[in-house]
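This report describes the nonpolar cores, one helix, the ligand site and one lysine of the structure shown below.

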Amino acid sequence: MCAAVRVATASNARILSSLKPPPNVVVVGGTSGIGRAIALSVARHCPSADITIIGRNESAANSILSQLGSSPKFLRADVSLLSEIRDVTKKINKVDILILTQGILTMAGRTPTKENIDNKLALHYYGRVLFVQELLPLLRLSSNGSKVLFVLDSVNGNPSKINWNDMALENSYSLSSAAQHATSFTDHVIQYFALQPENRNITFTHALPGFVRTPIIDNLPFWARLPLKCSVAFGLGVSPEDCAELMIYGMFGTEKGYRYVDDKGETVNKKHPIQEDMVTKVWEHTSRMISSN
Ligand SMILES: NC(=O)c1ccc[n+]([C@@H]2O[C@H](COP(=O)([O-])OP(=O)(O)OC[C@H]3O[C@@H](n4cnc5c(N)ncnc54)[C@H](OP(=O)(O)O)[C@@H]3O)[C@@H](O)[C@H]2O)c1
């Protein structure tokens, strides 16, 4: 374990074990990889935390539920669909910490869901914002101040690469534009949420996990998967467990408003500047998209 992970783990243990009352934690994407490791880490540091994981894979969920503290829950939902997000969030009564790790790695082009949003953009961006939007009333009630963590890519967003004329990428979709829109929009939207006076009790963190050895690469075509598998075999990347500690550390390190953190959980200093009117534009677009289904 490297020094950064040791420091992060000790800090997470100190913070999580001292939270009174113990937190209600919702991990979307908690059935695998980084989300799963975050749920398990929270349970280890704070066995009385109330942990809910959300995903589709019931058997994966069942395999960790017994390790998720005193009142573990699994809520099944396809979170590429806004309608399912609306339904599943109605089943949540309390939340102090919301972790958003749902995602896929695919080389496929635009793949519309039945709600006509690209699947990847729905998972990596629009659906995540809808989770926050639906849970804001509960997050605002948290007695310890609440935390929202977006695990995606806090480093490479660049407003100059946003296609402002086709924000949903209905006509100009490419893998790089989809990645850029999801990451840049997340950079903008956490500023929007943090700027609302009603959300002053909530912090918003966008984190880059780095290269993490999770099953996310398993769905890639063979030729794309092979080099990644070889890199993993040669020891490249970090374990989901180490990544989880660094992500939680980054989240707790955001004391106010919003923050971008890197794969060590530290502040990203070199960000492309974001203009206020761009924040408004991204919010207006996002709000239209998430209310249209
Ligand atoms: N691993 C990396 O190196 C890396 C690097 C940079 C960024 N990231 C980002 O970090 C996030 C987590 O990645 P990971 O490596 O932990 O991936 P992972 O192990 O494949 O886990 C992805 C999670 O997303 C959930 N998910 C995917 N599609 C879903 C759907 N339609 N409905 C409900 N849940 C769905 C999966 O749950 P079910 O299978 O139960 O549906 C699973 O819990 C992703 O957004 C990824 O883009 C990862």
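Contact here means heavy atoms within 4.5 Å. The model is predicted.

## Nonpolar cores

Under the contact criterion, Tyr126 touches Leu82, Ile117, Leu121, Met167, Ala168, Phe185, His285, Thr286, Met289 and Ile290, with residues up to four places away in sequence left out of the count. Tyr126 is also one of the residues that touch the most other members of the largest nonpolar core, which has 52 residues. The others in that group are Ile54, Leu98, Phe131, Val132, Val148 and Phe204.

At least two residues of this core come from each of strands S1 (24-28), S4 (97-100), S5 (146-151) and S6 (202-207), and from each of helices H4 (82-89), H5 (119-139), H6 and H9 (276-291). The greatest contribution is that of H5, with 13 residues. A second core, separate from this one, comprises 32 residues, among them Ala39, Met247, Ile248 and Phe252. In soluble globular proteins, nonpolar side chains tend to be buried together.

## Helix H6

Helix H6 covers residues 175-195. Because 1.5 Å is expected for each residue, its 21 residues should span 30 Å, and the 31 Å between its end C-alpha atoms agrees with this. Most of the helix is covered, as 16 of the 21 residues in H6 are buried.

## Ligand site

The ligand is surrounded by 28 residues, of which Thr31, Ser32, Ile34, Arg56 and Thr214 come nearest. Several backbone atoms lie within polar-contact distance of its oxygen atoms. For Ile34, a polar backbone atom is 2.7 Å from an oxygen atom of the ligand. A backbone N or O atom of Gly29 lies 3.0 Å from a ligand oxygen, and for Gly103 the corresponding distance is 3.2 Å. The ligand taken alone exposes 880 Å², and the protein buries 88% of that area.

## Lys271

Which residues does Lys271 touch, not counting residues up to four places away in sequence? They are Ser154, Val155, Asp187 and Tyr260. Lys271 itself is located in the loop between strand S7 (258-261) and H9.

Two of these neighbours are reached by polar atoms of the lysine side chain. With Asp187, the polar contact is between side chains, at 2.7 Å. With Ser154, the partner is the backbone oxygen, which lies 2.7 Å from a polar atom of the Lys271 side chain.

Conventions: Residues numbered from 1 in each chain as written. Predicted model: local features only at pLDDT ≥ 70, side-chain atom pairs only at ≥ 80, totals over all residues. Heavy atoms only, no water. Helix = DSSP H or I, 4+ residues; strand = E, 2+ residues; numbered from the N terminus. Expected span 1.5 Å × (residues − 1). Buried < 20%, exposed > 50% of the residue type's maximum accessible area, 1.4 Å probe, protein only. Core = buried A, V, L, I, M, F, W, Y, C linked by side-chain atoms within 4.5 Å. Near = heavy atom within 4 Å. Polar contact = N/O pair within 3.5 Å; in protein donor to acceptor, adjacent residues only side chain to side chain. Areas by Shrake-Rupley, 256 points an atom, 1.4 Å probe, with all protein chains shown as cover.
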